[in-house]
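This briefing sets out selected computed features of one protein chain for review. Please consult the sequence and the structure shown below alongside the points that follow.

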Amino acid sequence: MGNFLNIIKRGRVYLKNNGLGETLRRTKIYLSEKSPRKYKLWIKNCEKSSHRRELKREPLISVCMPVYNPEIKWLKRAVDSILKQSYENWELCIADDASTDGSVKDFLKSLTDSRINVIYRKENGNISKATNTAAEAARGDFIALLDNDDELAPNALLEIALTLDKHPNADVIYSDEDKIDKKGRRFDPFFKPDFSPHTLISLNYISHLGVYRRELLGRLKGLRSQYDGSQDYDLALRAADITDNFYHIPKVLYHWRVLDTSTSADISKKSFAYDAAKRAIEDTIKRRGLRAEVKAVKNSSFYNIEFKPDERDFVSIIIPVKDKPDITENCFKSIYEKTDFKNFEIIAVDNNSSEPETAALFEKYSKRDNFKVLRLDIPFNFSRLNNIAAGFAKGNILLFLNNDTEVISENWLGAIAGACRESDIGCVGAKLLYPNDTIQHCGIVLGAGGLAGSCGIGVHKNERGYFGRYALNYNYSAVTAACLGVKKSLFEKAGGFDESFAVAFNDVDFCLKVKSLGVNNICLSDVCLYHYESLTRGIEDSPEKIKRFNGEIIGLKEKWGKELLLNDPCYNENLSLALDGLFAPVTDRRARRLAEPQI
């Protein structure tokens, strides 16, 4: 009942701030994504455990649990979830943080399993210090973190052991998670991406179940009490400073208990946790020397970071044009009037334009020192046009932009340039909107539509999405070339666009080439432009266009079949590939991959 009242309370605030229409849209998405029925079907049809097989080794896994005055029934269930593990080589290290409830100590003293070690702290130090006390007593090479009112799935530690068998270099292992109520009902699953370092800077998807190599914890000097409330987030961010050996198990191994006093039930109960999260992000930015600023996401508990450019950065904005002077001028005008970062040039790639108005438009803007026209009277090939233009570009950063776009966010170019300059970032995309303020693109998911599809289509621009998908900087395998930034040196190293993809999938192919160089692609969700899609070239409706399009589908599959057939590492195999704006558990794994698009 308490959780229901909290939902009503938050709903009233959302209605006041966003209006009835947006609230109804939000409610529709919330009910679909949080649908208990869909999740029950997923549990029934899709949840699976690995079969026990002979392990090369059976490492001792130390489960560390801080305890302070929990209700005994929840503490008992937490302990029972360890006792019921199918993997037996574990120890449970409990640090009682000077509980004042005598029944807690009575319960702890009743535990007789020899694998349970209880340490009684003399004074209360809160969660970080108590967890550190438990970890210091641990003998295992790997430390699993468990709160005193949550539960592990029966196969959780076996899955950890199997992962270590396959990846002995693992430093951090994490799983998917869900919530569990007082009656034991599971809901609200969090199906997570594989290790995505820039997503992590805005979102703690490591969280539960989190397992750390003990040696790594020692190097990090454990949890830090000044970040209590988000101490595990701070830990994950610091771990990512010194290792990339994060491994994700796409299975729900952790059940986060929803109680009236918990963060999972009501954000306002532990607002200090979100203050601590902001400080952890700010510390990460400072520690890594990033040029970025932390910003709160409106009407949410999320934070995002805005990358900042260096004054030495210079961006070459490459815009292919074929007539449509009214649409093209709208693009040019928005760049010059709405861009606060001024270190740029525009290269208009004139491809077979014939209208006098287009020539007049070019003449008008050519009076500007940072505007040039590159005339290429060749058959249309998006990849070739951009490759040739890139050779003429003066900038250290290239920004490929469609002429049917319109700038909305004044910070767009600076934010994209700031992200591009980071050494571990490859292609940088933006959130593109239809004129009706719904999303046209917010990252590309491999496998969607049978091949690759844009994320968020049709969702209102203010919708935050599944765990912040439309509000936060998320790593994606690919972003659309309708607005794509990349360092010129990286563009050249990747070999530019593949000219065999004349119209379609050249951006997907290019992003995968860049990603294969060991960097991460990202979509900046707080950078927005309108995209009047296909206004210049039209849709793929003629026999010639259909033949060419189908040929490009075959070409992409032949070149990247393995990556496209495997689950997208920036997505999750348990989520639907329908990408109709909603994120929901797949309820029939056999039907997850949709049929190839029929033109």
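Are D188 and K179 buried or exposed? Both residues, D188 and K179, are buried. They also form a salt bridge with each other, in which the closest N and O atoms are 2.7 Å apart. The model is a predicted one, and the points below are grouped by topic.

**Overall architecture**

- The chain has 599 residues, and 59% of them are buried.
- Its secondary structure consists of 17 helices and 23 strands.
- Contacts between residues at least 6 apart in sequence were examined, and 77% of them join residues at least 24 apart.
- The exposed area of the chain is about 25,300 Å², of which carbon and sulfur atoms supply 51%.

**Nonpolar cores**

- The largest nonpolar core contains 147 residues, and the members that touch the most others are Y212, I317, F332, I335, L401 and W412.
- Beyond its neighbours within four places in sequence, L401 is in contact with a set of residues that includes I317, I318, I319, P320, C331, I335 and W412.
- Further contacts of L401 include A481, A482, C483 and L529.
- A second core, separate from this one, comprises 37 residues, including L111, A156, L162 and L164.

**Surroundings of H441**

- H441 belongs to strand 18, which spans residues 439–441.
- The relative accessible area of H441 is 0%, so this residue counts as buried.
- Two backbone nitrogens are reached by the side chain of H441: that of G443 at 3.2 Å and that of T480 at 3.1 Å.
- When neighbours within four places in sequence are set aside, the contacts of H441 are A430, K431, L432, S454, C455, V479, T480 and C523.

**Salt bridges and the charged network**

- Side chains of opposite charge can pair when their charged atoms come close.
- Across the whole structure, a search finds 35 salt bridges.
- A network of salt bridges links R224, D234, R238, D241, D283, R287 and R288.
- Within this network, the side chains of R287 and D283 meet at 2.8 Å, N to O.
- Helix 10 (residues 271–288) holds both R287 and D283, which are 4 residues apart, or about one turn of the helix.
- R287 is partly exposed, because its relative accessibility is 32%.
- D234, another residue of the network, lies in helix 9 (residues 231–242).
- D234 is buried, since its relative accessible area is 0%.
- Not counting residues up to four places away in sequence, D234 touches R224, Y227 and A280.

**A salt bridge between two loops**

- R421 and D310 form a salt bridge in which the closest N and O atoms are 3.9 Å apart.
- R421 is in the loop between helix 14 (412–420) and strand 17 (425–433), while D310 is in the loop between strand 11 (303–307) and strand 12 (315–321), so the pair ties together parts that are 111 residues apart in sequence.
- How is the accessibility of R421 classed, and what is its relative accessible area? R421 is partly exposed, with a value of 29%.
- D310 has a relative accessibility of 8% and therefore counts as buried.

Key:
Residues numbered from 1 in each chain as written. Predicted model: local features only at pLDDT ≥ 70, side-chain atom pairs only at ≥ 80, totals over all residues. Heavy atoms only, no water. Buried < 20%, exposed > 50% of the residue type's maximum accessible area, 1.4 Å probe, protein only. Contact = heavy atoms within 4.5 Å. Areas by Shrake-Rupley, 256 points an atom, 1.4 Å probe, with all protein chains shown as cover. Polar contact = N/O pair within 3.5 Å; in protein donor to acceptor, adjacent residues only side chain to side chain. Core = buried A, V, L, I, M, F, W, Y, C linked by side-chain atoms within 4.5 Å. Salt bridge = Lys/Arg side-chain N within 4 Å of Asp/Glu carboxyl O.
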